[in-house]
Amino acid sequence: MKSDMKSDALRIEKSFWTHELSSHLGIGKSTLNKWSRELEKQGYIFLKDDSDKRAFTEHDAIALRKMKEYLSNKMSLIDAAKAVTASYKRKIDSEVEGERAIVAINEKKQETRSDIRYLKELSELKEAVTEQGAVIHDLVQLNQELIKRLDEQEIRNRERDEIRDRNLVNLAREIQETRQLQIAAVEESENSKKKWWKFWG
């Protein structure tokens, strides 16, 4: 039976850290801490972790909303704290409350650690994506440079081939012209001999 009571308490209660509750109430964290200290002076008891940090429950949230209402109606901080303490004070002396506080705070710590781990993994993922993007950028630039070099090499090869072809054509023409000159010279020599023999004949 006692174990069932503990389970029910754990399911019902929810804890908040200072920044969460201050945001919920629409006040600053320093204001919430100021109100909490005044409530403690009047005998109100908050749950705390091993580091003496307050973990506010839904019960505390209701009490603090009431305190905000009192203060908005021009009640002094001390009087508002006394009124809230008189109406909402509770005794935390049972095993259920003690274990509830420990479990609720540990759950908050676990959530915080999970959030930190998630943010770390997200940061590492962003860094990996950034590095990968840089690598892809470098590869694209390298590919463009290779294409440029291949185009330039192709142009040089084409120009070299054109020069070689022109040289071959010129060489063939020179050979042909030389042969024609040689043939003409031989024919002229033969004609000269014939004329000479005719003259002496």
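A salt bridge is a side-chain nitrogen of Lys or Arg within 4 Å of a carboxyl oxygen of Asp or Glu. With that in hand, you can work through the exercises below, which explore a predicted model.

**Exercise 1. Find the salt-bridge network around glutamate 40.**
Task: Which residues are linked with Glu40 in a network of salt bridges?

Solution.
- Step 1: Take the total. The structure holds nine salt bridges.
- Step 2: Look at one pair. The side chains of glutamate 40 and arginine 54 meet at 3.1 Å, N to O, and a salt bridge asks for a distance within 4 Å.
- Step 3: Place the two partners. Glutamate 40 belongs to helix H3 and arginine 54 to strand S3 (residues 54-57), so this pair ties together parts that are 14 residues apart in sequence.
- Step 4: Check how open each partner is. Glutamate 40 has a relative accessible area of 25% and is partly exposed, while arginine 54, at 14%, is buried.
- Step 5: Name the network. Glu40, Lys48, Asp52 and Arg54 are linked in it.

**Exercise 2. Get to know the whole chain.**
Task: How many helices and strands does the protein chain have, and in what order do they run?

Solution.
- Step 1: Count the elements. There are six helices and three strands.
- Step 2: Read them from the N terminus on. The order is α-β-α-α-β-β-α-α-α.
- Step 3: Turn to burial. The protein chain has 201 residues, and 21% of them count as buried.
- Step 4: Consider the surface. The accessible surface of the protein chain is about 15400 Å², with 54% belonging to carbon and sulfur atoms.
- Step 5: Consider the contacts. Among those with a separation of 6 or more, 66% are between residues 24 or more positions apart.

**Exercise 3. Read the two sides of helix H2.**
Task: Which residues of helix H2 (residues 18-25) are buried, and which are exposed on the other side?

Solution.
- Step 1: List the buried residues. In H2 these are Thr18, Leu21, Ser22 and Leu25. They cover an arc of only 100 degrees around the axis, which puts them on the same side of H2.
- Step 2: Go around to the other side of H2. Ser23 and His24 are exposed there.
- Step 3: Find the packing partners. The buried residues of H2 pack against strand S1 (15-16), H3, S3 and H4.
- Step 4: Move just past the end of H2. Glycine 26 takes a positive phi of about 75 degrees.

**Exercise 4. Repeat the reading for helix H5.**
Task: What covers the buried residues of H5?

Solution.
- Step 1: Check the helix itself. H5 (residues 77-88) has 12 residues and spans 16 Å from its first C-alpha to its last, close to the 16 Å expected at 1.5 Å a residue.
- Step 2: Pick out the buried residues. Ala80, Ala81, Val84 and Thr85 are buried in H5. Their arc around the axis is only 130 degrees, so they sit on the same side of H5.
- Step 3: Look at the other side of H5. Ala86 and Ser87 are exposed there.
- Step 4: Identify the cover. It includes helix H3 (29-41) and helix H4 (58-72).

**Exercise 5. Place serine 36.**
Task: Is serine 36 buried or exposed, and which residues is it in contact with beyond its neighbours within four places in sequence?

Solution.
- Step 1: Locate the residue. Serine 36 lies in helix H3.
- Step 2: Compare its accessibility with the cut-off. Buried means under 20% relative accessible area, and serine 36, at 0%, counts as buried.
- Step 3: List its contacts. Leaving aside neighbours within four places in sequence, serine 36 touches Phe46, Arg54 and Phe56.

**Exercise 6. Explore the surface of helix H6.**
Task: Which residues make the nonpolar surface patch of about 370 Å²?

Solution.
- Step 1: Name the members. Val135, Leu139, Leu142 and Leu146 make this patch.
- Step 2: Follow one of them. Leucine 142 is found in helix H6 (residues 95-200), and with a relative accessible area of 49% leucine 142 is partly exposed.
- Step 3: Look for a charged pair in H6. Glutamate 145 and arginine 149 both lie in this helix, four residues apart, about one turn. Their side chains meet in a salt bridge of 3.4 Å, N to O.
- Step 4: Check one partner. Glutamate 145 is partly exposed at 34% relative accessible area.
- Step 5: Add another salt bridge. Arginine 164 and aspartate 165 meet through their side chains at 3.5 Å, N to O. Arginine 164 is partly exposed at 45%, and aspartate 165 is partly exposed at 38%.

Terms used. Residues are numbered from 1 along each chain as its sequence is written. This is a predicted model: local features need pLDDT of at least 70, side-chain atom pairs count only at pLDDT 80 or more; totals for chains, interfaces and linings use all residues. Side-chain values use heavy atoms; hydrogens and water are left out. Patches are made of residues with over 30% relative accessible area and no salt bridge: like charges are joined within 9 Å, nonpolar side chains (Val, Leu, Ile, Met, Phe, Trp, Tyr) within 5 Å. Accessible areas come from the Shrake-Rupley method with a 1.4 Å probe; for residues, only the protein chains shown count as cover. Buried means under 20% relative accessible area, exposed over 50%, partly exposed in between (1.4 Å probe, protein chains only). The expected span of a helix is 1.5 Å times one less than its number of residues. The arc is that of the directions from the helix axis to the C-beta atoms. Contact means heavy atoms within 4.5 Å.
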